[in-house]
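Hi,

Here is the structure I promised to pass on. Have a look at it first, then read on for what turned up.

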Amino acid sequence: MNRPVDRWDLPLGLDAGSEPLFRRISRSIVEEIRRGRLRPGARLPGSRTLANTLRVHRNTVLAAYEELAGEGWTESTPARGTFVSGALPEVRRRAAPAGPSRPAPEAVGFDLRSAAARDACGSGSVAPLLSLGVPDVRLAPVMPLARAFRRVLRDRPEDLLSYGHPQGHPRLRAALAGMLRTARGLAVETDDVLVTSGSQMALELAARTLLKAGDVVAIEHIGYRHAWQVFEQHGATLAPIPVDAAGLDTGALEALTERTALRAVYVTPHHQYPTTATLSAARRIALLELARRKRFAVIEDDYDHEFHYEGRPVLPMASTDRAGIVLYIGSLAKVLAPGVRLGYVTAPRPVLRQMVAHRACIERQGEHTIECAVAELFEQGELQRHARRARRVYHARRDFLVRALRRELGSALSFEPPCGGLTLWATVGDGLDVEAWASRLREQGATLFTARHYAYDGRVRPHFRLGFAPFDERELGTWVRLLKRTLRGASPGG
Ligand SMILES: Cc1ncc(COP(=O)(O)O)c(C=O)c1O
């Protein structure tokens, strides 16, 4: 079993002792086998290599290996090497160490501060997840990306393999700044953009820059718990604000600011997460004006700007910010792929400088090779072409899902076809139990996130989210039929 992992040097701690050196080596290896560091089948280093590592004579290692083989701990295969015996049953029983046998301690020997309040990262194994708001990575421009990666690395190895700037590779910052100016109306230059490892890192940097324990952050009461988790970890108190068909209720926000000093509001104005409502023009103006007057920051998360189907995308609030209050966060997770961890922020310059400094503490810099490769996709127009193609596909999938739901589920569901985003927010009919429906689906092996999953208060509400982007028409048809089949479980007496 010549697994590469077995080719590492094997440093061993050798006790001082009166025993001959070869025996101390063989005892030490036995101890590592007992601890589980060396597993059955693992390859031991060649005698010459181990002798070099331990700075002993090779004959000493050969003597140790001979003893191990003689006791049945190892087996040697000519020309292949020495391996921990694959058949150690009675040896293991005899050798079972006293006390816990886990290699890494479970107990903590100091006070671990209490874990974060919310398990935001626990989406775990819930596939197939009908509520996924992700793109269809089967459509991603894999070959152009691979070619660009190869090209930039071949052409610029010294630039890309050395330390670079924590703000991100200038080539990608320039491409993003160009996109933000042209497509989103932001008056930004290359230096106004910070590239992050996904927008999640941008949220973390915003929190580090803005928050101290006890600060109040207003959030959408049905919203994005991955952002809430970050703010809570920085000691913020969250103030949930209602959301309706026109997005965040700025009247309620204003009422809150009469009672409480706000440090920031976190908002998803383009396609509210998860309802997809677009924040109305009047509320945008009201929010910016309120923030200016009360001096709090607006964290604008524009995570899926590219995917807007009805009319033109609405320009970000950041594009009209003259007061220096908006931190604008975007992501390439939807337009390229979530596994390519690229996000970006632009903010008033002093804020951005601090965010860059924090970023350098978390991670010296990003992956400049991938940043450059993606910059090349922008420069060649490849990413823009991909975005247009993907938008057409998702638009068609949205329409397919809307038709299928209306045909198959009729009055059991009501919804507005989402004007943008990758998901649809549905309301179940009177008398239907949305949680019972979701659990019937779970019995059938499918996961549906209901409003409870997105609600700050965790209360049951008669809504759920359906993703359409990652599924083709055949798959969407299957999900809709499954929804219909399980509907009976959600009906009174069903
Ligand atoms: C509200 C919101 N913000 C941001 C993101 C993107 O996060 P990231 O760029 O860290 O993958 C998502 C992805 O689902 C999202 O739903």
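Start with Glu75: across from it, in β3, stands Phe83. Keep in mind that this is a predicted model. The strand β3 (residues 81-84) pairs with β2 through four bridges, in the antiparallel sense.

Now zoom out a little. These strands belong to an open sheet of three, ordered β1-β3-β2, with antiparallel pairing. At the edges sit β1 (43-44) and β2 (74-77), each of them paired on one side only. Lying across β2 and β3 is helix α3 (residues 58-70), which runs at about 110 degrees to β2.

On to the whole chain. The domain assignment splits the protein into domain 1 (14-95), domain 2 (138-381) and domain 3 (386-490). Between the C-alpha centres of domain 1 and domain 2 there are 54 Å.

And what about the inside? The largest nonpolar core counts 108 residues, and Val298, Leu327 and Val345 have the most contacts within it. The top contributor is helix α8 (residues 198-210), which puts in seven residues. Where does this core lie relative to domain 2 and domain 3? Both domain 2 (138-381) and domain 3 (386-490) supply residues, so the core lies between them.

If you want one residue to click on, try Val298. Leaving out residues up to four places away in sequence, Val298 touches Val265, Val267, Leu287, Ala291, Met317, Ile325 and Val326. There is also a second, separate core of 13 residues, with Ile25, Leu50, Val61 and Ala64 among them.

Have fun with it!

Note on methods: Residues numbered from 1 in each chain as written. Predicted model: local features only at pLDDT ≥ 70, side-chain atom pairs only at ≥ 80, totals over all residues. Pairing = 2+ DSSP bridges. Helix = DSSP H or I, 4+ residues; strand = E, 2+ residues; numbered from the N terminus. Contact = placed C-beta atoms within 7 Å. Axes fitted to C-alpha atoms, helices over the stretch in contact; angles between N-to-C directions. Domains from an automatic or database assignment. Core = buried A, V, L, I, M, F, W, Y, C linked by C-beta atoms within 7 Å. Buried ≥ 20, exposed ≤ 12 C-beta atoms within 10 Å, placed from the backbone.
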